[in-house]
Amino acid sequence: MGKLEDCIQWAFKNGAIVDERIHFRQSSISGISAVVEGILATEEPLIQVPSKLLITNEKALESFQVANDVIDKNAPNALVQLYVAKLKFSKGMPSMYQPYI
């Protein structure tokens with residue numbers, strides 16, 4: 001399996017739901033795309049991702065053990081970016097997000 005398929009399988013194993021008419025493809029030109037096969041005329045959500053799979057400011061704050069007021073209002077994603085780097089590059093720190101990052 002490739003990285004994209006690994007990530008999708010990881011998401012499914014952790015509670016994500018994707019309508020069966022949606023397929024993900026990867027190309028060197030357009031990157032990763034979600035492709036719909038058929039007509040989508042529904043009120044139901046097509047993709048559902050559990051909150052436990054999201055990398056959020058709250059998880060970053062908890063990881064670094066800092067208060068919410070340390071987030072720079074001009075760069076609200078900075079702490080999350082640092083958190084992703086920590087998850088990706090920290091040696092010996094297993095992460096449930098490994099297939100994701």
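1. A good place to start is Asp19, which is buried, with a relative accessible area of 17% (buried means under 20% relative accessible area, exposed over 50%, and partly exposed in between, using a 1.4 Å probe and protein chains only). Its partner is Arg21: the two side chains meet in a salt bridge, 2.8 Å from N to O. Arg21 counts as partly exposed, at 26% relative accessibility.

2. Before going on, please note that this is a predicted model, in which local features need pLDDT of at least 70 and side-chain atom pairs count only at pLDDT 80 or more, while totals for chains, interfaces and linings use all residues. Residues are numbered from 1 along each chain as its sequence is written, and side-chain values use heavy atoms, with hydrogens and water left out.

3. How many salt bridges does the structure hold? There are 2, where a salt bridge is a side-chain nitrogen of Lys or Arg within 4 Å of a carboxyl oxygen of Asp or Glu. Besides the Asp19 and Arg21 pair, Arg25 forms a salt bridge with Glu37, with the closest N and O atoms 3.3 Å apart. Arg25 lies in strand E2 (residues 22–27) and Glu37 in the loop between strand E3 (31–36) and E4, so the pair ties together parts that are 12 residues apart in sequence. Helices (H or I, at least four residues) and strands (E, at least two) are DSSP runs, numbered from the N terminus. Arg25 is partly exposed at 44% relative accessibility, and Glu37 is partly exposed at 40%.

4. On the surface, look for Ile47, Val49 and Leu54, which make a nonpolar patch of about 240 Å². Patches are made of residues with over 30% relative accessible area and no salt bridge, with like charges joined within 9 Å and nonpolar side chains (Val, Leu, Ile, Met, Phe, Trp, Tyr) within 5 Å. Areas come from the Shrake-Rupley method with a 1.4 Å probe, and for residues only the protein chains shown count as cover. Leu54 sits in the loop between strand E4 (47–48) and helix H2 (57–64), and Leu54 is partly exposed at 35% relative accessibility.

5. Finally, visit the largest pocket (an open set of points on a 1 Å grid over the protein atoms alone, where a 1.4 Å probe fits, with protein on both sides within 12 Å along at least five of seven lines; lining residues have an atom within 4 Å of a point). Its lining has 21 residues, with Leu4, Cys7, Ile8, Pro99 and Tyr100 nearest the centre. Helix H1 (3–13) and E2 are the elements that give two or more residues to this lining, and H1 gives the most, with 8 residues.
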